[in-house]
Each structure stands twice: as C-alpha cells, then as structure tokens.
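Subject: Structure handover

Hi there,

Here is the structure I promised you. Please open it next to this email, and my notes follow below.

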Amino acid sequence: MHWGSLSRWRVPPAVEVTWLGKRATYSGRLPAVIAARMGVAAIVLLGFTLRLWRLAHLGDLEFDEIVSVQYATLPGSTLLPLLAGALFEHPPAFYLALGWWRWVFGPGDTAARLSSILPGTLTIPLTYAVGAHLRDRRTGLIAALLVAVAPLPLFYSREARMYALVAALGLASLWLFLRGLQGPSPASELLGQGTGGSAADQGRADQGRADQGRPRPGVWLAYGVIGALTAYVHYLGALQMAGQLLVAILLRRRLPHALRPVVITSAGIVLLALPWVLAARGTRESLPALALHNVAALPGALWAAWRDLAAGPDSAGVPAIVGALTLLALVLAGFPRRPIPGTIAGAMLATGLAGLVFVIALGKPVQARYVMPIAPLAFILAAGALRRGGVTLALGGLGLLLGFAPFWARYYTGYARADYSSVTRRIAALERPGDGVLLTGPWQAWYFDYYYTGSLGHEVLPRDAPPALDPERARTRLEALVAEKRRLWFVQAGLAQADPTNFVERWLLRHAWPATREAHQNAVLSHYALQAPRVTRPLRPVTYGGRLRLVGGWVDGEEVPAGDVVRLLLELELLQPAGVDLKGSLRLVGIDGQRAAVDFDLLDRRDVGEQGTSAWGVGQRVLIRRGIWVPASLGPQPYSVRLVVYDPTTLLPLLPGVGDDGATGQARGEAVAPEGRAGDLPGGGEAPVADVYVTQSLAALPPGAESPFRPIGRRFGGGDEFDALELVGVRAAPANPSAEPLTFDLLWRLDGLSGTEHRSTIAVVDTSGRVWAEETRPLFGGTFAMHDWREGETLAERRAVDLTAFPPGGYRILVGLVDSRGRALPAGAGPDMVELARFELPYRRPLGERLVGLWQRLTGRRRRDVPLRASLGRGRWSGVATRHGAPPGRERTARSAHRLIPRSVMADTVPPRTTLQGR
C-alpha cells in the first residue's frame, strides 16, 4: 500500500482526520498507518544522528574524496571535457552537484562529507516505501531500521563520493517504477499478496483492479527524470535502470499495461544520456582493459563484497563471517515466492551482480562500494524473513548484530578516514632546497597537491595506470632523479595497480641511501639520500662475535647539517654460517650524550632479490648502503658513529672485537669492546667505527619545524661594538616546575659573522627583582665554535633550571648574552635580559585543564598521558635514541630490550596499517 492511496479508500465514514496534509477517514486501519509513519520518522532521526555523529573527527579526506573535491572546484566548461577524456572516470552529475554544494556551504572537508549525509538519510524512508510496496509496512519498517544502522550505508553516507547519492536515486527510481506498475491500486493486491477477506478490503481490491490500467503520466515523467539523473551520477545507476526495463519485459504478460510506458521512458533516458555516451571517449578507451581471465576472481570478489555488506568495509574475522552468512540466509528466506515481487527482486539483484562482474573484468580491486545500489534491496529481502518473528527474528537479529557491532565499535571510537596531511606536513616541515618528491601512481598527485603546503615539485611513477609501471622507463627516470636531486621523499600508496612488484623501492634501496621509513595510516613515507658524498672517511674494521666482520667502507667526510642524512657504505664479510638473518643498528652518539639511531636489515641487494645473512656464503663480502637521519633538533658537535650487529630473534648483540680464531681484534688493529658478556657491554654492544661532525642545527628551517617554539624575536648586540644575535624562539618543558626541573630550548640566529665566543646567562628572579639563581655558560655548551657559525643559521641550545626547592612565590626566568670580554650584549631599547617564562609556586594547572581533569574523574575516563620525558626524548637533546617515525610495535620491542638494543627508529620494513577502505 502506498501513502497516496489513503484518500481513495471507499469505506464507511467514522472519524475524519488529517495526516501530513491528507484527509482520510478512520475505519480501523488508519492508526496502523500513522504508527508506521511515526516509526519511519523515528528511524530516520536515528539514521541521521548516526550519520552526523563525529563527522568532524573522520580525519583527512580519502583519496577518492579528494578527487571529488578537486573536480568539484572546476568550472563546468573545464570539468566536462576533463571527465570525458579521463580513463575509468564517472559521469559528471555528482561533481557538478558537489561544486554547487561547496559554493553554498563552504570548502571544508566536513562540508564536503555533509553532501552525502542527505541522500544517505533519504535512503531510509525510500527503503521503507519500497519494502511496503514489495511486501508490507512491517517489512518496510524493519528494512528501514537495517539501512539506518547497517555498516555499509553508514560508511558511504559519510564519504564525499557519489555512492550514497546513486543508491538513493536508484531506490527512488525503483519506488516510482513500482508505483507506475501498479497504477492507483494497493500494492499488496497488485503484487499478489492479497489484502484479506473483509468486505472493505475486497472493495479496495476491486477498486484497485478497476484503476490498474489507468495511465499515470506524472509518475512516469518523474521516473524518467530520476532515471536520467541516476545514470548521470554513476554507471551503476544506468544498470539499475536497465534492470527495471528487464522487469517490465519479463512481466509483460502479467502487467501488459506497464511495458509501453517503461519502454518509452527508458528510451527518453537513453536520449538524455546519449550526449555523455558520445562525449566520454575516456570511458570507451577504458574498455580494452576488460579481460575474461579477470572473472576468475569473481567468487572471492562476491564473498568479499557480501561480507562487507554485512559487516562494513574491510571487515574480517569470525563476526564478519557470521554476519555475512546470517544476511545470506535471511535474504534467501525472505525472497518473495510470488511471481511479480520475485521477478522484481531477482532482476534488480542480477543487475547488481552484472555491475560487479563488469568491474572485476576491468581488473579493478573489489570494493564494497560497488554493491551500494543494491544494498537497500538486500536488507528489504532480509527484513521479509525477520518479520516472521519467533526464532527467525531472534537468531537472525543476533547474527546481524554480531556482524554490525565490531564496525560500530571501531568506527565510532577514534577511527580516522585518512591521514594524508600528516605525510605532506612532514615533508613540508623538513624539506630543503635540492629535494624531490616521488609518488606512486597518477592518482597520488591529487591528494598530494590537495594537502601539500611546501615548495617542492613532484614526480609520478607511473604517469598512468593501468597498465602498471614499466621497469625500463622507471629505471631511466630514477637515474635522472639521482642526477638532478640530492634527496628524495618517496610516498607509497596504492601500489596494487601502479607498482605491484614494488620495483621503485627495490631500485632505490640498491642505488640510494635509505634514511627513514615511516608508516602512516594510508601511505608509507621514505626518505633517501641520492648522491654519494664528495669527501669520505674510512670505517674502522670490527669483528662481531667471530661470525661477521666489518671489513671496510666509508662515512660522510663532509660536515652534515642537522636535518640531513649521514651516508655510509658498509663492507661486510661473513666469517662463519650465520644461521639467522642478522640485523644492524647504527647510532650517532655526541660528546654530551645526544643520540640518534636507526635499525636496518643486513641484506645483499646486488641481485634482483634480497638475501639475508643466513643465505650468504662464508667469505662472501657484501656492500650495504645506509643513511642515518640527523634530526633537525640534534645539537652541533662531533658524533661517534657506532655499529651494533644483533640477532633479531633474541635481541642479543654480537660481541664486537672477538675474532673466529679466539684472538682479540686489538691484535689486528680493530675496534675492541671491553671484555664481558654482550648484554653487559656499554651501549648494548656498540663498536665505534667512525666520526662525523654535525653542524648547522635547524639551519634553513623555520622555528617549529618539528615541534612548536614560542616566537621571541629579540635582537642582542649589533652596532660597531657587538656581534648581532637574535633570540628567535623558545620551547619550555615540562609545564609543572614544582615536579621536576624545567628545560628550555633556545633558538639563536647569527646576523653577520662572528669569531668571538659568547656565553648565555640564565637567571631566576622573584617579583621584587631578587636573584635566586644564575648560571652563565658558553653558547651550545662549548661544543660548537663560533667561527663555524654561518651567517643566517639558526642553532639551538638547551638549558635547565631547577625550581623544585624554591619557596612559594612568583618567579621570572630571564636570559641574556655576554661576549668574550664579559660585556652584556644590549637587547634593543629594553633591559639586557629577556623574559622566557613566568611561574607561580606552588604550581597550579590552568583552570581549563583542571576542569577537564575533574570531568575525567567524574566520568571515569582518565586519559593516559604520554610521559614528558619520553616526549622530550624524541628528537631532542636527551640521552636516548630519537624515534622519528617509529611504529608503535617497534617502540614496544625497543622498550622491552632497552639495555641491549636502544630505542631506534626508521624501521626498514614497516607495512602500512589496514584501515577501512572504500572509494
């Protein structure tokens, strides 16, 4: 029964009521109608709330969403020819609509996702309407509830893509199609379910039969408009319209009055879509990618798509399997047995299957989005089984809940759609002149250009995909990059179609110096030094446990700026069978304890494959290139380069300096560690193999490149008598001076040249001006000579102040400079000392923090804060290894073996995390 039929019922008048602008007479059935509509309204409100909840916390736009936004920003005169010539691209209606939406509601990421919430919510009442037409109101209500809370409709109703829109339009066209088929008669009578045996019901049925053949031009006109719009949104929408034409043909004998209007309307849809069909040469050029052998993947693809329909994108595990099997059983049990509704359901499901087959034949990876147009119909069929109640409702509801619940748990508790901006922010913060950016696949340029704020250009390999990357062409371009650039930022994402064999990364690992590899949510960012240093220093030979010997090699002989890469070439010789694939760890250790480190695999990459030490032959010598990333915050001074070789299964390092003949390496002039067990060695089995000098800390990088500094901008000295130095900024930690000593990182910039040694003074004074503490020491602790300080460079020093024993009161922390003659450098027109911070002891947290803490205590949701010492150890001046880019799992491994293998970073093999995907 459809809502419009209420006014046509011929029943004895009793009580006349008005509902949503329609007059109807109450004859015992109207309250059920009102209750159904109230139920639909409540379900729609629930679905809208779930679609809107935490929308702003979904993270960055996913790649396909970025494509949508980028297309939507183009004017129609540019967009239409661009889409027409693009391979594997969709029709233009969604992009044009999104462009209008952004013009009205603004350009933000959240605003773009809001455009899908409206059609996603509209799908709920449309599901009810179609379910009520095919079965009854109870089926429609259950189906609407399933669509409101099911993972797949929820997911794509919050994505800035066209899948929620094409599902809503396809469902609206099906609803109009059903209304056009039945004429003004009740749906239950037309579809063969019967209305009951009462005289009133029989009267309505007779009236339905009498009205069945009446033409309904308004319905068919709306059907044609919606159908054409559906086809212009997505090609899967065009398949939905073809499925409805198939229904009319199959039912031509049972519903002879419907064939003519459906054919005429379908012809009109084809005529409206014909201009795009003729213009879309890119779509036609994509068709040669069709390959019959790709269809072999269809069974697995069907199961994956069905599992995602039941449990959400990228679902896995037992709950997803239970949910998928439950949904399949419900669909089969609820499939209509009567010919007309069964034909409609079967034909629409078949067209959905045909769309999936077509996508698979094109060689595209299976995504749950391809079943979105038929997802509401699947839930309508499942609702047809659940409406029976009893055991079916109990077991079916429990099975679906098991499939839905894991998705809800991870989706609404911290899930982020993407984090591409973290990749581009990292590059923009640490890039330097002479760097390059390499992306995998042409689509990656879209998200990179969308979020990137730096100044580097990017190269894309391959330029088009499919087909996948051609190794010979890629090798030529990579060789050109090595000649053109000093360093390379390499972003890997979406390798399945662009570089399935990972050729680019394997080539770079063999011909460049890998420095970092960081796993982000949707990409992996690696950093390589491309060119060998002009000056090198030889490495000192070392023997490790009588099993492996560092025979030779070299390290950078030039000064290495902080924020750059120390390059090494290691020549290793296997002395006896290794048995396992050993790993190495390189460390930079400063004279003041500052440290950076990187773990890496000992792999022979000379051939096409990679061989670990377990596959090396005795006496075989292997050359390994490796870079050590020098954090921009690492202080300028000489650093010892140390190498550790360890067994990854036990995390025990090999004792350096003991040869296979039992003689110590000292007799051969090799580096020797103190005697004792490997686990007791200072530094966890480190052997110094070379030295390198780090200079130019934070040079050419703005304050806050790696973490925020508070700008100061006060100039000391100048004129004819003093050198000119500027205090650029300061970073202080921790926030509570009553708990532990304060640490200040001061950024100094030199204007001009200097040859005199300057000293900085840190003083603590109270509100009356009384000095409670004062310390003067050479800038940078004397580890950096002033004559090496280049003009315009920004260097950092760390100073500590202990206020934990001070009496209550107010205190100011001041800094000043004196030259080698003891003269205080003037700080402009103000006093000679500049205020860094001000504190009240005992320390009280700000009111906002106290209110948050009170709320957490009341709600029992206390946040586990990262210890401040750990945060200061990441790339600062602490005595632990820097940990830029370390994945959480590797950090846990390092912490568990901190005495043996220090916490290092930039792991060689970090797979990207598996996330909910869908485009």
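A salt bridge here is a side-chain nitrogen of Lys or Arg within 4 Å of a carboxyl oxygen of Asp or Glu. With that cut-off, a search of the whole structure turns up 33 salt bridges. Please keep in mind that this is a predicted model.

Let me start with a pair you may like. Glu159 and Arg417 form a salt bridge, with 2.5 Å between the closest N and O atoms. This pair links distant parts of the chain, 258 residues apart: Glu159 is in the loop between helix 7 (151-156) and helix 8 (163-182), and Arg417 is in the loop between helix 19 (390-411) and helix 20 (420-430). Both Glu159 and Arg417 are buried.

Next come two pairs that involve strands. Arg567 and Asp556 meet through their side chains in a salt bridge of 2.9 Å, N to O. Arg567 belongs to strand 12 (residues 565-574) and Asp556 to strand 10 (residues 548-556), with the two residues 11 apart along the chain. Are these partners buried or exposed? Arg567 counts as buried because its relative accessible area is 12%, under the 20% limit. Asp556 has a relative accessible area of 0%, so Asp556 is buried as well.

The other pair is Glu835 with Arg812, where the closest N and O atoms are 2.7 Å apart. Glu835 lies in strand 26 (residues 834-841) and Arg812 in strand 25 (residues 809-818), 23 residues apart. Glu835 is partly exposed, at 28% relative accessibility, and Arg812 is partly exposed too, with a relative accessible area of 29%.

There is also a network of salt bridges, which links Asp435, Arg486, Arg487 and Asp564.

Away from the salt bridges, have a look at a hairpin. Strand 22 (residues 759-766) and strand 23 (residues 771-778) run antiparallel and are joined by 7 bridges. Ser760 stands opposite Arg777 of strand 23. The hairpin has 4 residues between its strands, and Gly769 in the turn has a positive phi of about 95 degrees.

One last residue to find is Arg473, in helix 22 (residues 471-484). Its relative accessible area is 68%, so Arg473 is exposed. The C-alpha atoms of Arg473 and Leu461 are separated by 9.3 Å, and the two residues are 12 apart along the chain.

Happy browsing, and do write back with any questions.

Best wishes

Methods. Residues are numbered from 1 along each chain as its sequence is written. This is a predicted model: local features need pLDDT of at least 70, side-chain atom pairs count only at pLDDT 80 or more; totals for chains, interfaces and linings use all residues. Side-chain values use heavy atoms; hydrogens and water are left out. Buried means under 20% relative accessible area, exposed over 50%, partly exposed in between (1.4 Å probe, protein chains only). Two strands pair if DSSP finds at least two bridges between them.
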